[in-house]
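Visitor: I would like to know how the labels put on a structure are earned. Please take me through them one at a time.

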Amino acid sequence: MLSYQHGYHAGNQADVLKHAILHAVLMAKAEANAPLLYVETHAARGFYDLEGAQSKKTAEAERGVLAMPKAKQAPSALQPWLRHVQSKGPGSYPGSPALATQLLGDAARIVLFELHPAEHKALSQALRKDQRVQIRKEDGYRGALRLQPRRGEHMLIMLDPSYETDADMDALANWVPRAMRKWPKAEFLIWLPLFADGREEEFGAFLSSLDEGFVAGSRWDRQSEDPSALEGSAMIGLRIGGAAARKSFAISAELDKLWRT
């Protein structure tokens, strides 16, 4: 949806889970140091000012990343990501495209799709000097399906749509099986909001059943009685196992404890 701008929500509780798990998965890829094609279908602007007007308007980051302890005092599973983001400061909070460029090595190709004009412009300006990165102003689902990993190249796709309407869920549910058939060895990371009314439960169960992998989530006490309010979030990792999956489970368990204290 072209009305959605993530700056109002950057660094919130849902972002903490998403980015901490993405950090763990990307670190595993970086340590492997193998050729990688990393793709995001809904990239947004990449970097966020948590002291800026959009963030201050909602104050969501104040209940999320800004409420987190210092890295050395945090639970061990959260320390790697916290060290990284806290070293950048609140004026340059790294979203998922930023994490990819900051963590992945020279063997990576990074393709980012973003349709929103303002978000695309900000992302293009922020990453204009990175030769590994292609930024495309087009529908991420259609554009990504035209990609193909090179010989010997692994592929990781990050999916983080806005979920503003039921149509967003339908589009993702239709796209993921198609993409999995096209790229039988690709890995997928899917962020999933957990709504108060549970509208995502059947959808999430469908996605997680498509292949082996992991589902890691955390919940918090919601701030609103609105049935569309978020009370948690999850990450689905399809075809992702091993150390990355174990770290993802540990991250979600520690966040569950933090949000409920």
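Guide: What follows sets some values of this predicted model against the cut-offs behind their labels.

Visitor: Why is the contact between R199 and D197 called a salt bridge?
Guide: The label asks for a side-chain nitrogen of Lys or Arg within 4 Å of a carboxyl oxygen of Asp or Glu. In R199 and D197 the closest N and O atoms are 2.8 Å apart. That value is within 4 Å, so the pair qualifies.

Visitor: Why is R199 called partly exposed?
Guide: Buried means under 20% relative accessible area and exposed means over 50%, with partly exposed in between. R199 has 37%, so the middle label applies. Its partner D197, at 41%, is partly exposed as well.

Visitor: How do you know that R260 and D256 form a salt bridge?
Guide: Their closest N and O atoms are 3.7 Å apart. The limit is 4 Å, therefore the pair counts.

Visitor: What makes R260 partly exposed rather than exposed?
Guide: The relative accessible area of R260 is 49%. Exposed requires over 50%, so R260 stays in the middle class. D256 has 25% and is also partly exposed, because buried would require under 20%.

Visitor: What makes R239 and D211 a pair that ties parts together?
Guide: The side chains of R239 and D211 meet in a salt bridge, at 2.9 Å from N to O. R239 lies in the loop between β9 (230–238) and α9 (242–259), while D211 lies in the loop between α8 (201–208) and β8 (213–219), so the parts they tie together are 28 residues apart in sequence.

Visitor: Are R239 and D211 buried or partly exposed?
Guide: R239 has a relative accessible area of 22% and is partly exposed, because buried means under 20%. D211, with 31%, is partly exposed too.

Visitor: How many salt bridges does the structure hold?
Guide: It holds 11. Among the residues involved, D15, K18 and D160 are linked in a network of salt bridges.

Visitor: What space does the largest cavity hold, and what makes it count?
Guide: About 50 Å³ of space lies in the largest cavity. The count takes cavities of 30 Å³ or more, and it comes to one.

Visitor: Which residue classes line the largest cavity?
Guide: The lining has six nonpolar, two polar and one charged residues. Lining residues include K29, N33, L36 and G105. Lys counts as charged and Leu as nonpolar, while Gly is placed among the polar residues. By that rule K29 is charged, L36 is nonpolar and G105 is polar.

Definitions and conventions:
Residues are numbered from 1 along each chain as its sequence is written. This is a predicted model: local features need pLDDT of at least 70, side-chain atom pairs count only at pLDDT 80 or more; totals for chains, interfaces and linings use all residues. Side-chain values use heavy atoms; hydrogens and water are left out. On a 1 Å grid over the protein atoms alone, a cavity is a set of points where a 1.4 Å probe fits but cannot get out, and a pocket is an open set with protein on both sides within 12 Å along at least five of seven lines; lining residues have an atom within 4 Å of a point. Grid points are joined across faces, edges and corners, and a volume is the space filled by probe spheres set on the points. Buried means under 20% relative accessible area, exposed over 50%, partly exposed in between (1.4 Å probe, protein chains only). Helices (H or I, at least four residues) and strands (E, at least two) are DSSP runs, numbered from the N terminus.
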